[in-house]
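Here is a short tour of one protein chain. Have the viewer open and follow along, section by section.

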Amino acid sequence: MSQSSNSANYPIEMTLKPDVKAFFDPATNTISYVVKDPDSSACAVVDSVMDIDYAAGRITYDHADEIIAYIQENDLKLEWLIETHVHADHLSAAPYIQQKLGGKLGIGENITVVQETFGKVFNEGTEFQRDGSQFDRLFRDGDTYQIGGMTAFAMHTPGHTPACMVHVMGNAAFVGDTLFMPDGGSARADFPGGDAGTLYDSIQKVLALPDDMRLFMCHDYGPNGRDIQWETTVGAEKEHNIHVGAGKTREDFVKFRTERDAQLDMPKLIIPSLQVNMRAGKLPPSDESGKTFLKVPVNGL
C-alpha cells in the first residue's frame, strides 16, 4: 500500500487505477463521472445532473440518460451514486439513475446541517426529515466503501459547504467544489455554513495526498477562454493553483476569498437546486391536486 505520510489515516492505494469517464453538462458547467473498478464491471456515478428549464418549470433527464446508456452499453454494474456535497448550481439525477440501475446513494453526514439550515430557509415544516434518511449512506471522514474489489474512501473537506467530501477511488480523487483547475482556483465559501479559513484547511488535506494522485473537478468554466478541462494532479495544484498554490498562506487566502465572494452573484439555479438536492435529488412532495411546486424565499438567501 502506497501512502503519503501526511495522509496516513486514509487507505490510499495508488497502484489501483480506475477507468474514469467524464460527462460535461454545458448548461451548468458540471462534470459528472462514471468510475469503474479496474478489476471488475462494478462502477460508481459521481455528481450526476438532472436537467431543468427553470423559466418553464420543466424537468428532463437527457444528461442522466447519457450516463445510463454508457453504463448499459459497457455492461457495467452500478454500485454507488456519490454526491460530493449538496450542490447549489445544478440538480442531482441520482434517484432517477438509481431507479433505472440500482446502487446505493451516499453523501457526507453533515447533510443534516444543510437540511436544518435550508429546511428553515424554505419553510419546509415538520414533514421534511432533517436526519439524512433520504440517502442510503452518510459518510464520515475516513469511511470506506467497496466498488467491486476497489476500496474507496471519503475525506471530509468542509468550507464550501459543511457536508463537502472528497471521494478517493484508487489513484483518482473526486474533489467536488473543494478545488477547481489550477487556473480556476477555488470555490466560494460564503454560502450558509461555509467558511474561507475552513476551506483553506480542507484544501491542504487534499494537497497532502500523493503528488501524482489524479484530481477530478466537479466544475470548470474555461478561464480566459481555454477549452473545458476537468483532470489535474495534486502536484500541479500545489505548484500552480492561483488561490492556494506556491505556498500562499491561510491569511492571504481568507482575505482574497472573502473579498471575492462579496462580489459574486448567487448561482442561477440555487433555489431549485437546494430544495431538490437536500432531498437526495427528489422533488418536493406533490400537493393534494398532484402538482409539484418549488418555493422562492423572498430575501431569504
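How many bridges pair strand 10 and strand 11, and is the sense parallel or antiparallel? Five bridges, in the antiparallel sense.

## Ground rules

This is a predicted model, where local features need pLDDT of at least 70 and side-chain atom pairs count only at pLDDT 80 or more, while totals for chains, interfaces and linings use all residues. Residues are numbered from 1 along each chain as its sequence is written, and side-chain values use heavy atoms, with hydrogens and water left out.

## Around strand 10

Strands here are DSSP runs of E with at least two residues, helices are runs of H or I with at least four, and both are numbered from the N terminus. Two strands count as paired if DSSP finds at least two bridges between them. On the strand 11 side of strand 10, Ala154 sits opposite His167. Strand 10 also pairs with strand 9 (residues 144-147), again antiparallel, over four bridges, and there Tyr145 faces Ala152. Strands 9 and 10 make a hairpin with two residues between them, and Gly148 in the turn has a positive phi of about 60°.

Five of the seven residues of strand 10 are buried (under 20% relative accessible area; exposed is over 50%, partly exposed in between, with a 1.4 Å probe and protein chains only). In the loop between strand 10 (150-156) and strand 11 (165-169) you'll find Thr157, which is buried at a relative accessible area of 0%. The Thr157 side chain makes a polar contact of 3.2 Å with that of Thr178. For a polar contact, think of a pair of N or O atoms within 3.5 Å; within protein, one must be able to donate a hydrogen and the other to accept it, and residues adjacent in sequence count only if both atoms are side-chain atoms.

## The six-stranded sheet

Now look at the open, mixed sheet, where six strands run in the order 1-2-3-6-7-8. Its edges are strand 1 (19-25) and strand 8 (137-139), each paired on one side only. Strand 1 and strand 2 (residues 30-36) are antiparallel and joined by seven bridges. Ala22 has Tyr33 of strand 2 as its bridge partner. Helix 1 (residues 62-73) packs on the sheet and touches strands 1, 2, 3 (42-46) and 6 (77-82), with its direction at about 160° to that of strand 1. Touching means contact, heavy atoms within 4.5 Å; the angles run from 0 to 180 degrees between N-to-C directions, using lines fitted to C-alpha atoms, for helices over the stretch in contact.

Thr30 belongs to strand 2 and is buried, at 0% relative accessibility. Its side chain makes polar contacts with the side chains of His90 (3.3 Å) and His219 (3.4 Å).

## Helix 7 and the cavity

All eight of the eight residues of helix 7 are buried, so this helix is largely enclosed by the rest of the structure. Those buried residues pack against strand 4 (51-53) and helix 3. Helix 3 (111-121) and helix 7 (270-277) each give at least two residues to the lining of the largest cavity.

That cavity has 13 lining residues, with Val86, Phe118, Thr161, Phe191 and Leu274 nearest its centre. A cavity is a set of points, on a 1 Å grid over the protein atoms alone, where a 1.4 Å probe fits but cannot get out; lining residues have an atom within 4 Å of a point.

Definitions and conventions. On a 1 Å grid over the protein atoms alone, a cavity is a set of points where a 1.4 Å probe fits but cannot get out, and a pocket is an open set with protein on both sides within 12 Å along at least five of seven lines; lining residues have an atom within 4 Å of a point.
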